[in-house]
Amino acid sequence: MKIIGKTIQIMLLMAVVVFTSCNTENKKANLDYTSTELSAEERVKDLMSRMTLEEKVAQMCQYVGLEHIKAAQHDLSEEDLDVNDARGFYPDLSINDLVEMTKAGKIGSYLHIVTVEEANYLQSLAMQSKFKIPLLIGIDAIHGDGLFSGATIYPSPITQAATWDDELLYKVSAQTAKEMRATGTHWAFTPNIDVLRDPRWGRTGETFGEDPYLVGNMGVATIKGLQSDNFSGSENVIACAKHLVAGSQSLNGLNASPTDVSYRTLMGIFLPPFKRAVQEANLFSIMTAHNEVNGIPAHMDKHMMTDLMRDRWGFDGFYVSDWNDVSRIHTWHHVADSFKQATEFSVGAGLDMHMHGPHFAEYVIELVNEGKLPESRVDLACSKILEVKFRLGLFENPFIEEGSYKEVLFNKEHQESSLEQARKGIVLQKNSGILPLKSSTKKTIFVTGPNANNQTTLGDWVSPQPEENIITMYEGIKKLGEEKGYKVSYFDSGDRSRKMKDADINKAAALAKKADITVLVLGENSFRHDWPNKTTGENIDRATLKLSGRQMELANKVLANGKPVIVVYVSGSPIAEPTLEKRAKAVINTWEPGAFGGQATAEIIFGEVNPSAKLPLTIPRSVGQLQMVYNHKPTMYIHKYNTEKKTPLHPFGFGLSYTQFDISTPVVSSNVVSKDAPIEVSVEVKNTGKMAGEEVVQLYIRDNVSSVTRPVKELKKYQRVALEPGESKTVTMTLDAESLAFYDINMEYCVEPGSFKVMVGNSSADKDLKETSIEVKERIILKD
Ligand code: BGC
């Protein structure tokens, strides 16, 4: 009886399940893409089933914003357009044409919208289109939503990398996403995970430096912070890793010039951060590079975009071109005979969205109709772009409540993170004992130099910010200096390094003579809005690593007084001035430390903060030493130069503290690494000095014998550790097979048997490292 009862119960249950699921299916069948009860994928499917080819192609088209166009039209000639990568307009289209196109659903995306009013206006136009598909609005929010006036400006990526603190970067990226959404933008053209191999490249400040592992970690942290897990909801944006690939080792250090590197170097140095961004952070968009790679313009590199990234490594998002770079396959690279053919090559290779402007759509439509492009390419592109719009919730609410952004932008929490990043990202490169300055009621400090009292601390991709949001170097030093009892004065020696006047240089030197200490704030200028005076940044590459303009004249005159000089660098690109570093009492490299750079620098000068940053790239002595990277091949320095040393000015991973740390010889949990048995590497770190501080413990490996040559050192792990004076802590880092893997002589991703050196210390310099060794007994093949 009981058994029969149970059977009936089960049958009833099954009937309910079948009924409910049929019911759900029926119900779902009646729903369309406007319903939030369907998944993003289901909504995309439904919407696309209603769209024509023309409507789908429209989603692949991006244009610059209307206000941007008005300003650019006013300032630029048509001839300027071809080479201008920052500003654009469309000679054949009026603002009214764009308004009508948006209403007709012919535009899928805009970029460079910097007011909420414009974002809302454009969305209101899109809401008049047939399917009411919202616009995806992209912006270069590289270190904060910096093109928006009033946003929190965090330190530049190179400074962020100098923190070696991925968690903090994750946090500021999540804050950036909130600020972006509050201002109506949804897509950040960041992180720049170009592995920097030539610091003449003006975009050095936008990168995370020269090491693939550090760049990979920083890239993953940025993407996760911006996107969260699946970028759904109203506080996330999608990230865009760029630029695929290797423009950071273009010939002669010039932006967009050709890159010629071996496939092995691409796989071993440039591509690992992209692979990790896809596999560890669910990256949803990638921007291709201006440059060609080994003869193939990046925008038509099918192997890179489709075979490798999408099919082999699993990239499941969409590609966007860089600024006008599809047409440049024709006009710059001379590989296509027309923009139309360039479109065929690029979309055929895997490109999904065109930045920016007309003609692309009509060519894609023609090419599909002529059978030169499969419609499946358009379908994939359109489906990914729509998926993003659904997931971000834009169909439900494309608008921003005007004024609401004020609570989010530059709020207390965001300010604190920006300050924390600056404190952790400023590198102390030299200290002959003068720092930290002790309190004094008698002494005077004189501050001067081109970057002493302006917003160069903010770096590239930033519009001028409200003065009250920014603490300049002088302001920071004056405030804290006076609290410590000093008299602090300032003289404007001229803020454009190439235009400094004799009279100002002489006056600055004379004032320095009267002061007890001079803080000389030197460096470069990467302001977007000051293009003629920029000395580094996008499209301003450097033929020297020396200070630009007349800065060394100023420095030499000030130093000639014989009084102590503290040099503070503000520059996204490294400065190689060995004699200046020798003569200065201290050198503080702040990179581009963001809104609170002046405060953080002052706190370091007066010892409120103990510096802990480490260089994310090698600083050479001269441009002639390039390429100079710590992870070079074994034969790099067998021979000498006739007139130059072969050591850098400062090695990768280097940075001083006001205290001393003792790091023990590493101890391993086992000296054999096998496929599924990672090992732990431990060191004891002791603060042997008198001040609390943080140290970045770095772990490098070297494969002693390999089937192809390998770097003399490779960074594999690092950890920040905070220690009180006298305190010790054990730092443990894990090494697994992946940490030892590389592409062998047959390009197989594996670990070869043999011994490896494991080196741990606080910089990449041999003298700062202690070592042990480990072994791999059998060849390990890894999934790739
Ligand atoms: C840069 C990109 C940037 C784009 C949009 C281009 O010139 O290379 O990195 O995202 O402009 O501003």
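**Exercise 1. Work out which strands helix H22 lies across, and how the helix runs relative to S15.**

Solution. Start with the helix: H22 covers residues 551-560. Helices (H or I, at least four residues) and strands (E, at least two) are DSSP runs, numbered from the N terminus. Next, look for contact, meaning heavy atoms within 4.5 Å: H22 lies across S15 and S16. Finally, the direction: H22 runs at about 170° to S15. Axes here are lines fitted to C-alpha atoms, for helices over the stretch in contact, and angles run from 0 to 180 degrees between N-to-C directions.

Before you go on, remember that this is a predicted model, where local features need pLDDT of at least 70 and side-chain atom pairs count only at 80 or more, while totals for chains, interfaces and linings use all residues. Residues are numbered from 1 along each chain as its sequence is written, and side-chain values use heavy atoms, with hydrogens and water left out.

**Exercise 2. Put the strands of the open sheet in order and find its edges.**

Solution. Two strands pair if DSSP finds at least two bridges between them. Following the pairs gives S12-S17-S16-S15-S13-S14, six strands with mixed pairing. The edges are S12 (427-431) and S14 (487-490), since each pairs on one side only. From one strand to the next, the twist averages 15°.

**Exercise 3. Describe how S13 is joined to S14.**

Solution. S13 takes in residues 444-448. Four bridges link S13 to S14, and the two run parallel. Now pick one residue: Thr 444 has Lys 487 in S14 as its bridge partner.
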